[in-house]
Amino acid sequence: MNHQVSIAIGGLPISITCGSRRFIAMLERRYGNFIMRPRDRSARRAATSMDGECASASIQLEIDVVSPSPARSDEELAVGYESGRWVMHRGDFRAEWDPASERGTVRQAAYPYAIDSVIRIVLSLILARSGGFLLHSASAVRGGRAFLFSGVSGAGKTTIARLAPPDAILLTDEISCVRRSGTEYHAFGTPFAGELGIAGEEIAAPITALYFLRKGPRNRTDAIDPARAAAMLLRNILFFADDSELVKEVFATACDFAARVAVAELTFRPDVAVWELIA
């Protein structure tokens with residue numbers, strides 16, 4: 001007997017089925033307010049619908065829970081396109097996804113990290129075709145506007161999220177979902193938590209600025225020109241597939257984003273006063 005849970009990330013419905021009720025219950029706890037209830041699926045899809053191909057996407061994943069394989073524990077991630085399907089595997093999972101039918105299968109052990117990775121990979125493939133991407137960044141909404149904070153590990157993404165004022169709504173402290181709508185880009189909350197261990201809110205808002213973080217002795221912002229901003233952005237976009245056409249799509253989106261959204265370097269001390277510069 002299959003059990004099911006449906007979630008929404010970036011306005012995209014994702015249906016997960018599995019024969020293990022315990023596994024589904026674990027995902028229900030993990031994805032929290034990203035769970036789609038039957039009564040609100042249509043409303044939430046309409047509220048977060050965006051232009052482009054991914055507005056109509058509906059990801060369906062069937063999970064086969066298996067015992068861990070110690071022999072493959074060190075296997076690195078590989079993502080490739082074979083016979084009309086995306087094939088992805090790592091030491092802890094094997095998965096396939098058919099973009100035409102929007103259906104996929106996953107073989108993994110009974111813990112959530114593998115399915116988290118599969119969802120990120122599939123989302124990155126869908127978003128690449130429609131002017132969006134997943135970004136290694138924290139993000140928050142304040143006054144109806146979204147702000148992104150990106151950088152390498154240790155740059156301060158979790159710190160800046162922890163310092164956010166009470167009126168800021170956390171979207172994520174780890175991985176932001178960005179989608180284009182007309183001439184604007186929107187940031188969406190994700191359930192992918194970093195050091196804070198807190199899933200973001202399942203809301204979206206237009207992006208006002210992207211800040212690349214740097215720790216320093218005082219708080220300051222320095223504008224970054226679009227060409228340099230695009231190059232820095234590309235280094236922080238999560239994209240896993242070795243596919244030249246999709247790489248071109250991601251490159252074009254990064255350039256367009258950098259031309260439309262204010263990008264700056266934010267040097268900051270771990271003090272709440274840094275949020276006075278964020279606007």
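Start with Glu28 and Arg21: in this predicted model, their side chains pair up in a salt bridge, with N and O 3.4 Å apart. Both partners keep some contact with the outside. Glu28 is partly exposed, at a relative accessible area of 28%, and Arg21 is partly exposed too, at 40%. Why might such a pair form at all? Side chains of opposite charge can pair when their charged atoms come close.

Now move along the chain to Arg180, which makes a salt bridge with Asp256. Here the closest N and O atoms are 4.0 Å apart, and that still counts because the cut-off is within 4 Å. What does this contact tie together? Arg180 sits in strand β11 (residues 175–181) while Asp256 belongs to helix α6 (residues 244–260), so the bridge links parts that lie 76 residues apart in sequence. As for its surroundings, Arg180 is partly exposed, with a relative accessible area of 28%.

Stay with Asp256 for a moment, as its side chain also meets that of Arg260 in a salt bridge, this one at 2.9 Å from N to O. Asp256 and Arg260 are both in helix α6 and 4 residues apart, so about one helical turn separates them. Arg260 is partly exposed, its relative accessible area being 45%.

Put those two contacts side by side and you get a network of salt bridges that links Arg180, Asp256 and Arg260. Asp256 is the residue to click on here, since it bridges to Arg180 and also to Arg260.

And how many salt bridges are there by this rule? The count comes to 13, and the ones walked through here are among them.

Notes:
Residues numbered from 1 in each chain as written. Predicted model: local features only at pLDDT ≥ 70, side-chain atom pairs only at ≥ 80, totals over all residues. Heavy atoms only, no water. Buried < 20%, exposed > 50% of the residue type's maximum accessible area, 1.4 Å probe, protein only. Helix = DSSP H or I, 4+ residues; strand = E, 2+ residues; numbered from the N terminus.
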